[in-house]
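Hi everyone, thanks for coming. I'd like to spend a few minutes on helix packing, so let me put the structure up.

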Amino acid sequence: MYIIGSVATGIFGFIYFALLNTTVPAWIFLGIVLSFVTNDLMYGPQAALIAECFTPRLRYSGASVGYQLSSVISGGPAPLIATALLAAFGSGYVIAVYILFCAIVSIIATALLPDYTNRDISEEVGR
Amino acid sequence: MTMIGITSPPLSETDHSEQLRRAVIASTVGTTIEWYDFLLYGTVTGLVFGKLFFPESDPLVGVLQAFAVYSVGFIARPIGAAIFGHYGDRIGRKGALIATLLLTGLATFAVGFVPTYQHAGVWGAVILTVIRFIQGVGVGGEWGGSALLSMEWARSNAHRGFITSWSQIGGPAGAMLANIAVLVFSWISGDHFLIWGWRIPFMLSIIMVGVGLYIRLGILETPVFQRLLVENRTERVPVVEVIKRQPRSIILTALARMGEQASSSSTVPRSSISRAISCSRHSAWRGSPRSSRSHSPGICRIASDVGACISSARLRPGYSASSTSLY
């Protein structure tokens, strides 16, 4: 599910900036609303995906640190990077490429995570 | 007596359902309140704080403002994650969640009383920056606990994903409430919005904290954590331990969020980009940067975002994309 969301998010970046480039308010509005949908395909399942990865006795620490660490490595710099890219290339599509890149990183990382769906989460988790 | 609320005898089916329901409510409502607090600050930053606390004439103030924006994402939230992660794994999910709620809520309430530049000079900005930092610590600790609270009460492994995703609705719901609060009080106070109107939504936070506290005090510790206590398996220094034992999981989960973060964080550019690329008239569609997060019941999310769009479009005057790391 999360990977589907990542794919949708990665691709949608291009549609989003195409819609923005029309400069028609209605298209821009549509683009922004739709961008929430693709973004939410990732945001919704995220809580379970992340929290399930950690063994119960370390879970609060692990999930919190993992989640907030992403603010440091990607969330924080993202607007700065996006703004810099826009300034350097003058095109929103460059930002879409950046979003695609990040989405690909997400897909790879998610694929590497063990999937605990339908498994008992109160048991110890190995490495 | 000492074990009350921490360890309890096995629950019947109905009791478990009741607890699950309460846990989901406590997750969702509590997280909504935290995001209300956090995003309210973000929304009001551009509308009010620039004028009343951070005048451009004072160079020191500019530094403070930048610090307030960046330190929250890069420092305060990870610190909050570590502190509350530690206590959440030591003394329990419930205690940690009550602490984060109080910390963020009281800090937000205090914003309503901070003296302006006109009255206290740069001190107003200093206090606001400190408060913002405290809010960041609280929010940083909130997410993990909220997700765990629902997840560890889920009855079957099959519907765990759905149950856990409820806590994620707190983001958009909090954003919507924050925007509505600002909108309503800007209508009520009219020309006096800058004088007193903006303070009311912050002061209202104390009522929400009361509600959240009531709900969170009424839940039991999760069955998973109870079992850890009974079997005496809690860790002495869980944060260090998890970094040692599951570094791969930490890094992968952080990276797994990258796509979502990149796309949602372009919300700041979302207002500035749309301003740059498209016509400036309608640039504030996405007024409060990062004002909304999402959740699986997508309709709620869309409704809240549309609400946020409309309210922030109305509040457009004086808006500036000032909050970068609000996730």
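Let's start between the chains: helix 3 of chain A passes helix 5 of chain B in a right-handed crossing. Please keep in mind throughout that this is a predicted model. Helix 3 covers residues 59-75 of chain A and helix 5 covers residues 122-151 of chain B; the two pack at an angle of about 125°, and their axes are 8 Å apart. Because of that angle, helix 3 of chain A counts as oblique to helix 5 of chain B.

Who makes this contact? From helix 3 of chain A we have A:Arg59, A:Tyr60, A:Ala63, A:Ser64, A:Tyr67 and A:Gln68. Helix 5 of chain B brings B:Gly140, B:Gly141, B:Trp143, B:Gly144, B:Gly145, B:Ala147 and B:Leu148. Sorted by class, this contact of helix 3 of chain A with helix 5 of chain B holds six nonpolar residues, six polar and one charged.

Now stay with helix 5 of chain B and look at its partner within the chain, helix 1 of chain B. These two pack at an angle of about 155°, with axes 9 Å apart. Angles over 145 degrees count as roughly antiparallel, and therefore helix 1 and helix 5 of chain B are roughly antiparallel to each other. Their crossing is left-handed. On the helix 1 side, the contact residues include B:Ala23, B:Ser27, B:Glu34, B:Phe38 and B:Phe49 of chain B. Facing them from helix 5 of chain B are, among others, B:Leu128, B:Arg132, B:Val139, B:Glu142 and B:Leu149. The class count for helix 1 with helix 5 of chain B is nine nonpolar, seven polar and four charged residues.

A word on helix 1 of chain B itself, residues 13-52. At 1.5 Å a residue, its 40 residues should span 58 Å, and the end C-alpha atoms are 55 Å apart, which agrees. Do look at B:Thr45, though: helix 1 of chain B bends there by about 65°.

One last pair, also in chain B. Helix 7 (residues 170-189) and helix 9 (residues 199-217) of chain B pack at about 130°, with their axes 8 Å apart. That angle makes helix 7 of chain B oblique to helix 9 of chain B, and the crossing of the two is right-handed. Here B:Ala181, B:Val182 and B:Phe185 of helix 7 meet B:Ile200, B:Pro201 and B:Leu204 of helix 9. So what classes of residue make up this contact of helix 7 with helix 9 of chain B? Six nonpolar, no polar and no charged residues.

That's my tour; happy to take questions.

Methods. Residues are numbered from 1 along each chain as its sequence is written. Chains are lettered from A and ligands numbered from 1 in the order in which they are written. This is a predicted model: local features need pLDDT of at least 70, side-chain atom pairs count only at pLDDT 80 or more; totals for chains, interfaces and linings use all residues. Axes are lines fitted to C-alpha atoms, for helices over the stretch in contact, and angles run from 0 to 180 degrees between N-to-C directions. Helices (H or I, at least four residues) and strands (E, at least two) are DSSP runs, numbered from the N terminus. Angles under 35 degrees count as roughly parallel, over 145 as roughly antiparallel, 65 to 115 as roughly perpendicular and the rest as oblique. A crossing is left-handed if the near helix is turned anticlockwise from the far one by less than a right angle, and right-handed if clockwise. Two residues are in contact if their C-beta atoms, placed from the backbone, lie within 7 Å. Ala, Val, Leu, Ile, Met, Phe, Trp, Tyr, Cys and Pro count as nonpolar, Asp, Glu, Lys and Arg as charged, and the others, Gly among them, as polar. The expected span of a helix is 1.5 Å times one less than its number of residues. The bend at a residue is the angle between axes fitted to the seven residues ending there and the seven starting there.
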